[in-house]
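The paragraphs below walk through one structure, from a single side chain to the surroundings of a ligand. Please keep the sequence and the coordinates at hand while reading.

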Amino acid sequence: MKVAIIGAGLSGLICARELSSQHDVRLFDKARGVAGRMSTRRVDPDLRFDHGAQYFTARDPRFQAEVNAWIAAGVAAAWTGPIGVLQCGEISEPAGSPDRYVGVPAMNAPAKYLAEGQTVHLSQRIQTVARTDAGWSLTSERGETFGPFDGLVCTLPTAQAAELLRDVAPTYAAQVEQVTLNPCWATLVQFTQRLPLELDGAFVHDSPLSWIARDSSKPGRSAEQECWVLHATQAWSARHVEESPDVVAPQMLAALAAATGVSLPGVAYQTAHRWRYSIPPEPLSVGCLSDAEMHLAIGGDWCQQAKVEGAFLSGLALAETVVQWE
Ligand SMILES: Cc1cc2nc3c(=O)[nH]c(=O)nc-3n(C[C@H](O)[C@H](O)[C@H](O)COP(=O)(O)OP(=O)(O)OC[C@H]3O[C@@H](n4cnc5c(N)ncnc54)[C@H](O)[C@@H]3O)c2cc1C
């Protein structure tokens with residue numbers, strides 16, 4: 001079968017990897033690189049930030065095996081820095097302390113590794129999909145058409161998936177649209193000196209921030225750079241969603257000072273990134289949605305669990321579905 005996979009985040013890449021020994025698989029992504037919400041913001045060759053997913057945990061043995069393979073390939077490692085809970089300058093222990101892993105040298109490394117040997121069409125925002133007797137065809141924003149394909153796999157955040165499927169699969173589009181993904185503002189900051197905090201990451205309470213991380217403490221990063229990533233809470237992000245990065249970043253830095261109770265060092269670089277679709281608070285836990293007659297499968301983290309492991313498991317479920325179409 002010729003299979004088109006829209007979305008080269010982890011779920012799409014895992015689906016592609018599972019199918020590609022038996023099928024002719026093409027991936028399409030609107031971004032300039034693979035990884036989706038596991039992306040890394042590259043400011044210059046020496047300055048990078050994990051601005052989306054911060055770390056991943058592995059509970060399912062299939063994902064643990066995958067993570068072990070990534071570690072063996074040198075594209076992931078355990079992040080062992082001290083992680084705590086911060087509340088108005090007070091530090092406490094988090095409730096659980098699972099093994100935490102990160103991509104190495106950056107969060108997008110596992111995705112880049114999975115994309116090796118795959119046919120990935122980047123910078124191709126798919127605007128319409130159509131189904132005829134010949135199969136599925138895709139048209140991108142640039143006006144290029146791809147296909148026909150025997151099967152279509154869609155791994156986009158729900159609003160984007162619903163938009164794409166509304167005309168061809170309205171029932172599925174309506175179902176997908178029920179699952180929302182919240183926005184999340186991320187502020188990326190490089191300080192001129194070490195932030196005097198005895199933690200490398202913290203869940204933050206009673207603050208506009210939900211999470212902070214000393215990004216440069218992760219394995220494979222340059223420890224001298226003192227780079228931090230701050231994530232705002234979903235409620236704060238929603239209230240400020242239409243503001244500009246220039247307005248958001250200083251407010252999040254002020255929240256960092258309040259949460260840590262320390263005076264912040266000088267800032268060498270700062271910016272903010274808006275994730276319009278970040279985390280699905282109520283994922284479906286079904287693996288994927290599919291229609292064998294249409295040869296259509298829809299998935300992503302929101303179909304399983306709101307985390308990297310959920311995207312991986314959904315990617316497996318998508319591939320298991322597609323092989324049954326033969
Ligand atoms: C701020 C933030 C923090 C997070 N923190 C963590 C964490 O600490 N731990 C954890 O486990 N998880 C975390 N997550 C969640 C984790 O990143 C996701 O669960 C996982 O990466 C989702 O993968 P996916 O393949 O399902 O979707 P995505 O990674 O979103 O992939 C979808 C892809 O579709 C592409 N796309 C969208 N529309 C189109 C179109 N029309 N045409 C072509 N391509 C299109 C996008 O560019 C994207 O690459 C976080 C996410 C965010 C945003």
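Is S207 buried or exposed? In this predicted model, S207 is buried, because its relative accessible area is 17% and the cut-off for a buried residue is under 20%. The residue sits in the loop that links strand 15 (201-205) to strand 16 (209-214), and from there the side chain of S207 reaches the backbone nitrogen of L209 at 2.9 Å.

A second buried position is found in a helix. A255 belongs to helix 7, which covers residues 245-260, and with a relative accessible area of 7% it counts as buried. Although 25 residues separate A255 from L230 in the sequence, the C-alpha atoms of the two lie 9.5 Å apart in space.

From single residues we can turn to the nonpolar interior. In soluble globular proteins, nonpolar side chains tend to be buried together. Here the largest nonpolar core has 48 residues, and among its members L10, F56 and W70 touch the most others. Helix 8 gives the most to this core, contributing 9 residues, while the core as a whole draws at least three residues from each of domain 1 (2-39 + 110-178 + 286-323) and domain 2 (61-106 + 182-279).

The ligand provides another way into the structure. Around the ligand are 33 residues, of which S11, D29, R37, Y55 and D301 come nearest. By character, the residues of this shell divide into 15 nonpolar, 12 polar and 6 charged, and at least three of them come from each of domain 1 (2-39 + 110-178 + 286-323) and domain 2 (61-106 + 182-279).

Several polar pairs can be followed atom by atom. A polar side-chain atom of D29 lies 2.6 Å from an oxygen atom of the ligand, whereas for L10 it is a backbone N or O atom that lies 3.2 Å from a ligand oxygen. The residue L10 thus appears again, having been named among the core members that touch the most others. For K307, a polar backbone atom is 3.2 Å from an oxygen atom of the ligand. Of the 1,000 Å² of accessible area that the ligand has on its own, the protein covers 93%.

Which elements give two or more residues to the shell around the ligand? They are helix 1 (10-19), strand 18 (267-279) and helix 8 (308-323). Strand 18 gives the most to this shell, with 3 residues, whereas in the largest nonpolar core that place is taken by helix 8.

Definitions and conventions:
Residues numbered from 1 in each chain as written. Predicted model: local features only at pLDDT ≥ 70, side-chain atom pairs only at ≥ 80, totals over all residues. Heavy atoms only, no water. Near = heavy atom within 4 Å. Polar contact = N/O pair within 3.5 Å; in protein donor to acceptor, adjacent residues only side chain to side chain. Areas by Shrake-Rupley, 256 points an atom, 1.4 Å probe, with all protein chains shown as cover. Helix = DSSP H or I, 4+ residues; strand = E, 2+ residues; numbered from the N terminus. Nonpolar A, V, L, I, M, F, W, Y, C, P; charged D, E, K, R; others polar. Domains from an automatic or database assignment. Core = buried A, V, L, I, M, F, W, Y, C linked by side-chain atoms within 4.5 Å. Buried < 20%, exposed > 50% of the residue type's maximum accessible area, 1.4 Å probe, protein only.
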